[in-house]
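The following exercises are intended for a reader who is meeting this structure for the first time. Each task is followed by a worked solution.

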Amino acid sequence: MKLAAASALILAICAGNACAFSTVHLSASNGLSSSALHSTAATKTYTFTKSEEIFAEAKTLMPGGVSSPVRAFKSVGGNPIVFDKVKGAYAWDVDGNKFIDYVGTWGPAILGHADDDVLDAVKKTMDKGTSFGAPCALENELAKAVIAAVPSVEMVRFTNSGTEACMGMIRLCRAYTGREKVIKFEGCYHGHADAFLVQAGSGVATLGLPDSPGVPSSATKATLCAEYNNLAQVKAIFEENKDEIAAVILEPVVGNSGFIKPDKEFLQGLRDLCTEHGAVCVFDEVMTGFRVAYGGAQSYFGVTPDLTTMGKVIGGGLPVGAYGGKKEIMAMVAPAGPMYQAGTLSGNPLAMTAGIETLKKLSADGVYEELERKSKKLVDGIVATATKYGLPISGDYAGGMFGWYFVDGPVKNFSQAAKSDSARFGKWHRMMLERGVYLAPSMYEAGFMSLAHTDEDIDRTIAIADEVMSQL
Ligand SMILES: Cc1ncc(COP(=O)(O)O)c(C=O)c1O
């Protein structure tokens with residue numbers, strides 16, 4: 001075989017395989033060694049020397065070495081890698097290793113990291129100042145975009161994080177109804193405010209914390225918990241607590257116990273129960289908002305709540321949260337009404353700008369079809385690969401959000417998710433990481449697709465998964 005023909009063959013193999021991360025052997029004499037022709041050699045694995053050094057120091061400076069618990073890799077073993085920079089679908093660590101990134105800074109990076117248009121807009125706004133602490137026209141612009149997109153939102157209050165949005169939201173539900181009890185669901189995470197740290201998902205589930213010490217029992221005694229996708233349980237709670245339930249709050253697609261889709265009848269049933277009992281129906285769309293569809297899970301499933309919380313994507317990678325809903329309810333929020341909630345940096349011009357530019361790009365035709373096509377391609381590929389090696393697996397997706405469990409499905413609630421093989425997940429996570437695929441370091445977290453991920457990235461991920469799964 002001539003060298004040019006051999007090179008063309010390698011390129012052809014590479015197009016559908018893990019080539020950029022693989023060792024392909026070329027020999028000067030005959031152009032191609034036999035190992036290159038046989039499914040390419042094992043993927044070259046990364047080392048993390050500088051990450052280890054920096055993280056060792058970090059542990060002496062910050063609890064667990066991190067600013068947020070799930071970053072710490074506690075449930076998967078080993079140490080986290082330390083990022084140096086991000087762009088598009090990729091992240092680079094301080095050792096110079098390149099990763100295909102499916103965490104996307106935990107959801108916000110839906111356009112891909114550091115999108116040029118978002119960066120340009122933020123730089124222009126930055127020239128005018130970084131914080132006003134006074135009204136700015138950018139708040140109106142982002143508010144109008146959110147109101148136009150999200151069916152339940154007629155008015156919105158911006159905050160600095162999803163946690164803050166959820167704190168404001170629960171106070172508002174109680175203020176509006178004059179009731180205290182709220183219903184949440186096992187494995188759903190609504191930020192780290194006291195009232196929500198009951199059978200919560202995300203880091204709370206990852207670290208196996210039943211409830212957090214420091215949360216006074218008085219703060220959670222009005223939080224009632226039900227099983228996700230179990231309408232009968234919610235009905236029973238309403239019956240047992242007549243005229244006492246202020247709100248039903250849920251992730252309309254769960255992303256904090258892995259990835260769990262709701263049954264449409266479950267969402268509609270909750271909506272109807274809230275209407276019947278005078279409770280506020282709340283979708284916490286901090287993760288799903290502008291992620292599963294432009295109008296969030298409420299437009300994906302066609303069920304409209306009374307209030308919605310948001311964050312992540314609407315800040316385009318800068319710190320933002322928001323809650324919004326019917327004008328009649330939002331009129332309770334200070335200074336229009338008596339329910340107090342405030343924030344020094346809320347409505348920050350940089351964050352508003354990043355959000356506006358992100359939403360502009362997301363409003364283009366076909367964006368969510370393309371995100372879902374790519375999520376499906378990845379999940380189908382991973383599920384097929386696991387099946388090939390006889391591993392139990394269950395996977396699903398919605399728009400730019402997806403997940404899989406190492407357990408036979410379907411997974412409909414947290415206790416089914418918890419049956420997933422955590423030891424296998426830990427090994428899988430480390431081996432994928434060492435080969436250049438950055439996945440969330442917990443089986444209780446969803447994955448995120450971006451517009452920047454290419455079909456080649458996904459093919460490469462599946463090829464690496466094939467190599468890893470053959471050893472699980
Ligand atoms: C559904 C949901 N609600 C609330 C939050 C809290 O948001 P933040 O981390 O911005 O405080 C999160 C965070 O992941 C979330 O996924």
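## Exercise 1: The shell around the ligand

In this predicted model, the shell around the ligand is made up of three nonpolar, six polar and three charged residues.

**Task.** Identify the residues around the ligand, and determine which of the three classes each belongs to.

**Solution.**
Step 1. The residues around the ligand are Ser161, Gly162, Thr163, Tyr189, His190, Gly191, Glu251, Asn256, Asp284, Val286, Met287 and Lys312.
Step 2. Since Tyr, Val and Met count as nonpolar, the three nonpolar members are Tyr189, Val286 and Met287.
Step 3. Asp, Glu and Lys count as charged, and the three charged members are accordingly Glu251, Asp284 and Lys312.
Step 4. The six polar members are Ser161, Gly162, Thr163, His190, Gly191 and Asn256.

## Exercise 2: Polar contacts of the ligand

**Task.** State how far an oxygen atom of the ligand lies from the polar side-chain atom of Thr163, and describe the corresponding pairs for Gly162 and Asn256.

**Solution.**
Step 1. For Thr163, the distance between a polar side-chain atom and a ligand oxygen is 2.6 Å.
Step 2. Gly162 takes part through its backbone, a polar atom of which is 2.9 Å from an oxygen atom of the ligand.
Step 3. In Asn256 the side chain is involved, with an N or O atom 2.9 Å from a ligand oxygen.
Step 4. Of the 390 Å² of accessible area that the ligand has on its own, the protein covers 83%.

## Exercise 3: A four-stranded sheet

**Task.** Give the order of the strands in the open sheet, and explain why one side of β1 and of β13 is left without a neighbour.

**Solution.**
Step 1. The sheet consists of four strands with mixed pairing, in the order β1-β2-β3-β13.
Step 2. β1 (83-87) and β13 (437-438) occupy the edges and have a single partner strand each, so one side of each has no neighbour in the sheet.
Step 3. Strands β2 (residues 90-93) and β3 (residues 98-101) run antiparallel and are joined by three bridges.
Step 4. Opposite Tyr90 stands Ile100 in β3.

## Exercise 4: Two cavities

**Task.** Establish how many cavities of 30 Å³ or more the whole structure holds, and describe the lining of each.

**Solution.**
Step 1. A search of the whole structure yields two such cavities.
Step 2. The largest cavity holds about 170 Å³ of space. It is lined by 16 residues, of which Trp404, Phe425, Glu445, Ala446 and Gly447 are the closest to its centre.
Step 3. The elements giving two or more residues to this lining are β12 (401-405) and α16 (422-434); β12 gives the most, with four residues.
Step 4. By class, the lining of the largest cavity comprises eleven nonpolar, four polar and one charged residues.
Step 5. The second largest cavity contains about 60 Å³ of space. Its lining includes Gly88, Asp101, Arg291 and Phe448, and divides into four nonpolar, six polar and two charged residues.

## Exercise 5: The second largest pocket

**Task.** Determine which element gives the most to the lining of the second largest pocket.

**Solution.**
Step 1. This pocket has about 370 Å³ of space.
Step 2. Among its 20 lining residues, Pro135, Glu139, Phe158, Ser346 and Gly347 lie nearest the centre.
Step 3. At least two residues of the lining come from each of α5 (137-149) and β4 (155-159).
Step 4. The element sought is α5, with five residues.
Step 5. The lining as a whole has nine nonpolar, eight polar and three charged residues.

Definitions and conventions:
Residues are numbered from 1 along each chain as its sequence is written. This is a predicted model: local features need pLDDT of at least 70, side-chain atom pairs count only at pLDDT 80 or more; totals for chains, interfaces and linings use all residues. Side-chain values use heavy atoms; hydrogens and water are left out. Two strands pair if DSSP finds at least two bridges between them. A residue is near a molecule or strand if one of its heavy atoms lies within 4 Å of it. A polar contact is a pair of N or O atoms within 3.5 Å; within protein, one must be able to donate a hydrogen and the other to accept it, and residues adjacent in sequence count only if both atoms are side-chain atoms. Accessible areas come from the Shrake-Rupley method with a 1.4 Å probe; for residues, only the protein chains shown count as cover. On a 1 Å grid over the protein atoms alone, a cavity is a set of points where a 1.4 Å probe fits but cannot get out, and a pocket is an open set with protein on both sides within 12 Å along at least five of seven lines; lining residues have an atom within 4 Å of a point. Grid points are joined across faces, edges and corners, and a volume is the space filled by probe spheres set on the points.
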